[in-house]
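I sat down today to look through this structure and jot down what I found. My notes are below, in the order I made them.

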Amino acid sequence: MTQQLALITGASSGIGATYAKQLAARGSNLILVARDAARLNQLANSLRESHGVDVSVLAADLTQADDMAKVARELRDNHAITLLVNNAGMVVEGEFTDADIQPLQTMLSLNIIALTELAHSAAQAFRARGQGTIVNIASVVALIHEAMNGAYNASKAYVLSLTRNMDRELSGSGVVLQAVLPGFTRTEIFDRAGKSISDIPAEKMMEVDDLVAAALRGLDNGELITLPSVEDMGLWQKLDEACSALLPFISLNKPASRYL
Ligand SMILES: NC(=O)c1ccc[n+]([C@@H]2O[C@H](COP(=O)([O-])OP(=O)(O)OC[C@H]3O[C@@H](n4cnc5c(N)ncnc54)[C@H](OP(=O)(O)O)[C@@H]3O)[C@@H](O)[C@H]2O)c1
């Protein structure tokens, strides 16, 4: 078996740090990416010690072009990499219209532009090698417009759509895709956005260890879309079938009769 080497973005805390711990426990070597080098080095040392795996640290701000290029280059040139966990992301709290535009731009640059560039680099490199896995961390808010910040939800809908399209394109190439759609998960993301985690009902909040364990199990099982807390995946299938039923009618050569 090929030795796994996973590059994880946003590995200094929360979901990314938990992927690092659980993948190290499975014997995977790691490249940890985030801005906070001190935190990454601390995690790297503890994982080397506890699991005997190779861990390197790549400090990068993925909203900055030079840093971004460094990480994309690593994905292209380091032929040992077998897995990208495209996880780094942020949320802007409050309604879209009320939010300042600058944090919204930073969020879109991280959640969409950086994720896209890394997915693109990994897709080209993995396809050329005939193997590799790309895990994109979306969110259940990709499916909703009833709450949260519209630009955040839309950024996660983008991740879901990109992943499904990449899966179609790369089918048969040896490249495996997974979109993970977490619901509320206990991490620092709420603090960072100035929201109190205690405002969220406990029954809606998953522990981060459970979330990542479920996501990895979903990957093991070959899932393209992982909805960690949804028991009845028939509900997802129905939603998908409803979209498919619309397909024959969404692009025709004349308007519907209500417009005539
Ligand atoms: N927690 C939830 O409820 C939830 C639900 C659905 C989806 N998600 C998604 O899960 C992913 C991980 O979030 P989390 O909950 O684990 O949040 P978190 O604990 O705040 O972790 C975010 C990670 O991203 C890194 N990061 C932030 N800005 C960055 C930048 N400019 N460049 C590079 N790295 C950056 C942070 O590290 P540094 O500060 O060191 O850079 C940190 O490692 C995100 O994509 C999020 O949208 C979370």
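These entries go from one helix to the ligand and end with a single residue elsewhere in the chain.

**Entry 1: before anything else**
I reminded myself that this is a predicted model.

**Entry 2: helix 5**
I began with helix 5, which covers residues 150-169 and has 20 residues. I checked its reach from first C-alpha to last and got 28 Å, close to the 28 Å expected at 1.5 Å a residue.

Which residues of helix 5 are buried? I listed Ala 151, Tyr 152, Asn 153, Ser 155, Lys 156, Val 159, Leu 160, Thr 163 and Met 166. I noted that Lys 156 is on that list, and so is Asn 153.

Then I looked up what covers those buried residues. The cover includes two helices, helix 4 (101-129) and helix 8 (234-246). It also includes strand 5 (132-137), strand 6 (175-180) and strand 7 (225-226).

**Entry 3: the start of helix 5**
I wanted to know what caps the N-terminal end of helix 5. The cap is Asn 149, with a side-chain oxygen 2.9 Å from the backbone nitrogen of Ala 151.

I also stopped at Met 148, in the loop between strand 5 and helix 5. Met 148 is not a glycine, yet its phi is positive, about 75°. I put Met 148 down as partly exposed because its relative accessibility is 32%, and the partly exposed class runs between 20% and 50%.

**Entry 4: the ligand**
I counted 31 residues around the ligand. The closest are Ile 15, Arg 35, Tyr 152, Thr 187 and Arg 192. I had already met Tyr 152 among the buried residues of helix 5.

Next I went through some polar contacts to ligand oxygen atoms. A backbone N or O atom of Asp 36 is 3.0 Å from one. For Asn 87 I found a polar backbone atom at 2.8 Å. With Arg 192, an N or O atom in the side chain lies 2.8 Å from a ligand oxygen.

How much of the ligand does the protein bury? Alone, the ligand exposes 880 Å², and the protein buries 96% of that. Helix 1 (14-25), helix 5 and helix 6 (189-192) each give two or more residues to the shell. Helix 6 has the largest share, three residues. By type, I have the shell as 14 nonpolar, eleven polar and six charged residues.

**Entry 5: Asp 210**
Last, I looked at Asp 210 in helix 7 (residues 208-220). I classed Asp 210 as partly exposed because its relative accessibility is 47%. Its C-alpha is 9.7 Å from that of Thr 18, although the two are 192 residues apart along the chain.

Conventions: Residues are numbered from 1 along each chain as its sequence is written. This is a predicted model: local features need pLDDT of at least 70, side-chain atom pairs count only at pLDDT 80 or more; totals for chains, interfaces and linings use all residues. Side-chain values use heavy atoms; hydrogens and water are left out. Helices (H or I, at least four residues) and strands (E, at least two) are DSSP runs, numbered from the N terminus. The expected span of a helix is 1.5 Å times one less than its number of residues. Buried means under 20% relative accessible area, exposed over 50%, partly exposed in between (1.4 Å probe, protein chains only). Contact means heavy atoms within 4.5 Å. A polar contact is a pair of N or O atoms within 3.5 Å; within protein, one must be able to donate a hydrogen and the other to accept it, and residues adjacent in sequence count only if both atoms are side-chain atoms. A residue is near a molecule or strand if one of its heavy atoms lies within 4 Å of it. Accessible areas come from the Shrake-Rupley method with a 1.4 Å probe; for residues, only the protein chains shown count as cover. Ala, Val, Leu, Ile, Met, Phe, Trp, Tyr, Cys and Pro count as nonpolar, Asp, Glu, Lys and Arg as charged, and the others, Gly among them, as polar.
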